[in-house]
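Grab a pencil and work through a few exercises on the protein shown here. Try each task yourself before you read the solution.

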Amino acid sequence: MLSLIRPNVEYEASYRSYIQELGDAERYPFPLDFDFDDFPALVNRLNSYSQGVDLPDGGVPSTTFWLVEDGEIVGVSSLRHRITDRLKRLGGHVGFGVRPSAQGRGVAKELLRQTLSEAGRLGLSEVLVICLKDNEASSRVIRANGGRLESEYSVPEYSSLLQRYVIPVDAGTA
Ligand SMILES: CC(C)(COP(=O)(O)OP(=O)(O)OC[C@H]1O[C@@H](n2cnc3c(N)ncnc32)[C@H](O)[C@@H]1OP(=O)(O)O)[C@@H](O)C(=O)NCCC(=O)NCCS
């Protein structure tokens with residue numbers, strides 16, 4: 001069973017092994033980049049961000065979720081409660097990633113599905129998800145959850161085109 005939970009100190013060992021598995025791969029979504037030497041401090045930071053407390057300049061409230069299977073974190077998602085014009089170009093409402101050893105068996109689809117339910121609880125009626133055009137796995141996950149391609153565009157930060165998808169929140173039925 002795949003359960004979406006809020007960060008909690010009991011999962012320190014699993015979190016550390018997740019980061020180790022990622023190795024040099026890009027840590028996505030962005031909270032995976034946060035320092036975790038002091039694990040309780042990481043959990044506090046994530047909880048603060050969810051409450052809109054101690055945000056960096058220009059930051060918006062965001063909630064991090066861990067998808068857990070048999071006591072292990074197998075996926076991570078991040079849900080911004082609102083987005084700015086800059087985030088409409090880069091970032092979007094939702095980011096997600098799956099532990100390498102758990103990829104390729106539908107975990108990301110379920111992670112996004114459950115994250116969309118949380119977006120509904122926050123009162124969002126639709127979310128924007130931005131993905132690199134050459135990230136086929138990601139775009140399949142988004143489309144499987146009802147995502148509609150809204151536009152494609154380039155930004156100086158990436159060589160690949162970006163795709164912006166709109167997902168009606170009640171369409172999370174992958
Ligand atoms: C993208 C990612 C989350 C997919 O996770 P996953 O759990 O393997 O995805 P799923 O098993 O739910 O599979 C989703 C779809 O992608 C396809 N897929 C998986 N890996 C693929 C690959 N390397 N190339 C092309 N398609 C791929 C699957 O076949 C499936 O499509 P289908 O149902 O139409 O057959 C994972 O690869 C990852 O964490 N990547 C790094 C972070 C990232 O890119 N996040 C998304 C940013 S928007």
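What follows is a set of four exercises, each with a worked solution.

Two ground rules come before the start. This is a predicted model, so local features need pLDDT of at least 70 and side-chain atom pairs count only at pLDDT 80 or more, while totals for chains, interfaces and linings use all residues. Residues are numbered from 1 along each chain as its sequence is written, and side-chain values use heavy atoms, with hydrogens and water left out.

**Exercise 1. Work out how many helices and strands the chain has, and in what pattern they come.**

Step 1: Settle what counts. Helices (H or I, at least four residues) and strands (E, at least two) are DSSP runs, numbered from the N terminus.

Step 2: Count them. You should get five helices and seven strands.

Step 3: Read along the sequence. The pattern is β-α-α-β-β-α-β-α-β-α-β-β.

**Exercise 2. Check the radius of gyration of the chain against that of a compact globule.**

Step 1: Use the globule rule, 2.2 Å times the number of residues to the power 0.38, with the radius taken over C-alpha atoms.

Step 2: Put in the 174 residues, and the rule gives a radius near 16 Å; the chain has 15 Å, which agrees.

Step 3: Look at the spans too. Along its principal axes, the C-alpha trace covers about 40 × 40 × 35 Å.

Step 4: Add burial and contacts. Some 48% of the residues are buried, where buried means under 20% relative accessible area, exposed over 50% and partly exposed in between (1.4 Å probe, protein chains only). Of the contacts (heavy atoms within 4.5 Å) with a separation of 6 or more, 62% link residues 24 or more positions apart.

**Exercise 3. Find which residues of helix 5 are buried, and what they pack against.**

Step 1: Go to residues 136-144 and list the buried ones: S138, S139, V141 and I142.

Step 2: Look down the helix axis. The buried residues fall within an arc of 155°, so they line one face of helix 5; the arc is that of the directions from the axis to the C-beta atoms. It helps to know that an α-helix has 3.6 residues a turn, so residues three or four places apart point the same way.

Step 3: Turn to the face away from the buried side. There you'll meet the exposed residues A137 and R140.

Step 4: See what the buried residues touch. They pack against strand 4 (94-98), helix 4 (107-121), strand 5 (126-132) and strand 7 (162-168).

Step 5: Move past the end of the helix. G146 follows helix 5, with a positive phi near 90°.

**Exercise 4. Track down a cis peptide bond and two residues that have a positive phi although they are not glycines.**

Step 1: Keep the usual case in mind. Most residues other than glycine have a negative phi, and most peptide bonds are trans.

Step 2: Find the cis bond. It joins Y28 and P29, with omega about 10°, and P29 sits in the loop between helix 1 (12-22) and helix 2 (39-51).

Step 3: Check D54, in the loop between helix 2 and strand 2 (62-69). Its phi is positive, about 55°, and D54 is exposed at 65% relative accessible area.

Step 4: Check D70, in the loop between strand 2 and strand 3 (72-80). Here phi is about 50°, again positive, and D70 is exposed, with a relative accessible area of 74%.
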